[in-house]
Amino acid sequence: MRINETFSTYSDWTYGAAVAVYVLAMLFSLAELAFGRRVATAPARELVGAGAPADDHATEELAEDDAEPESRGGRAERFGRMAVSLIVFGALLHLSALVLRASATGRVPWGNMYEFGGTLSLAAVVTWLVLLRRFPIRRLSVWLLLPVTVLMFLGGLVFYTNAAPAGPPLQSYWLAIHVFAVALGSGMVLVPGVISVLYLIKTYRPRWATRLPDAQVLDQVAYRTTVFAFPIYTAGVIFGAIWAESAWGRFWGWDPKETVAFVAWVVYAAYLHSRATAGWRGGRAAVINIVGFAVMIFNLFFINLVVAGLHSYANG
């Protein structure tokens, strides 16, 4: 199939523009985080009311917070709204880049490492925008955009592949189904991975995280996002096994990428199971979630780029 070079060029431009807009959104989100009001103050008041000794440091933070001028909070609010607007604009540019890439190649835009990373990143951004409507976590946008922009930056400079038709092993309708499900699930679990790291900081180093939301909010965001992402990722693994049987005559062959994907699935299954049955919450659950996130990152970079396997699309 002939490649539409015009659409390919426009795709590259909009991809770069999306990265630039995300970086700008990071700056506004960082400004909101810096100028926003402190959060970790309520426990000090409760202890004092019960007759227990108050923590001097917390009391000082409370006094400083109460003394903050109203204009400072209003300025932070404006920065936060501008950051969200930029994230939405960046997501539209991001989506346009993928659509133009698909139009240029005549196939779905996740046929190589560059395109897969772009799809995964967009899934993470859209997930974050949905969560912003349900949880008071807007000032955390900088921490979500940081891994997204790094991944997209690496995609544009290191993993970039010229627009081309899909190779013979990928000329199957399972490319549209299996890879999309894996990219969507992987992008969604990027969010709870970041949130779980922030949860541990909030819980065990509270003086470093006085401007972060309450730890319980962070825990709920991580858990509920994983609950939605896990079935999608599971479907992606199952679809991959079906495609493997069709292409190679077996459902499972312990290919390196298959194996690490299965390990990630086990870790996330353990996380959800421990929350539902053993009542594991807080730090232990966050650590399991972070381990799952680390396995996904390992699969994305090390397995795709270093270890030889049958999943040749990652090297395309």
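These are my notebook entries on a few helices and residues I looked up in this predicted model.

**Entry 1: helix α1 and its surface patch.** I started with F7, which sits in helix α1, residues 5-35. Is F7 buried or exposed, or in between? Its relative accessible area is 32%, so I noted F7 as partly exposed. I then looked for company on the surface and found that F7, Y10 and W13 form a nonpolar patch. Together these three residues have about 350 Å² of accessible area.

**Entry 2: helix α6.** Next I checked the span of α6, which covers residues 141-157. With 17 residues at 1.5 Å a residue, I expected 24 Å, and the end C-alpha atoms are indeed 24 Å apart. Which residues of α6 are buried? I listed S141, V142, L144, L145, V148, T149, L151, M152 and G155.

**Entry 3: H178 in helix α7.** I found H178 in α7, which runs over residues 174-204. Its relative accessibility is 13%; buried means under 20%, so H178 counts as buried. What is H178 in contact with, leaving aside its neighbours within four places in sequence? I wrote down G236, F239, G240 and W243.

**Entry 4: helix α10.** I finished with α10, residues 283-305, which has 23 residues. From first C-alpha to last it reaches 32 Å, close to the 33 Å expected at 1.5 Å a residue. I also looked along this helix for a bend, and there is a kink of about 30° centred on N299.

Notes. Residues numbered from 1 in each chain as written. Predicted model: local features only at pLDDT ≥ 70, side-chain atom pairs only at ≥ 80, totals over all residues. Heavy atoms only, no water. Helix = DSSP H or I, 4+ residues; strand = E, 2+ residues; numbered from the N terminus. Buried < 20%, exposed > 50% of the residue type's maximum accessible area, 1.4 Å probe, protein only. Contact = heavy atoms within 4.5 Å. Patch = residues over 30% accessible without salt bridge, like charges linked within 9 Å, V, L, I, M, F, W, Y side chains within 5 Å. Areas by Shrake-Rupley, 256 points an atom, 1.4 Å probe, with all protein chains shown as cover. Salt bridge = Lys/Arg side-chain N within 4 Å of Asp/Glu carboxyl O. Expected span 1.5 Å × (residues − 1). Bend = angle between axes of the 7 residues up to and from the residue.
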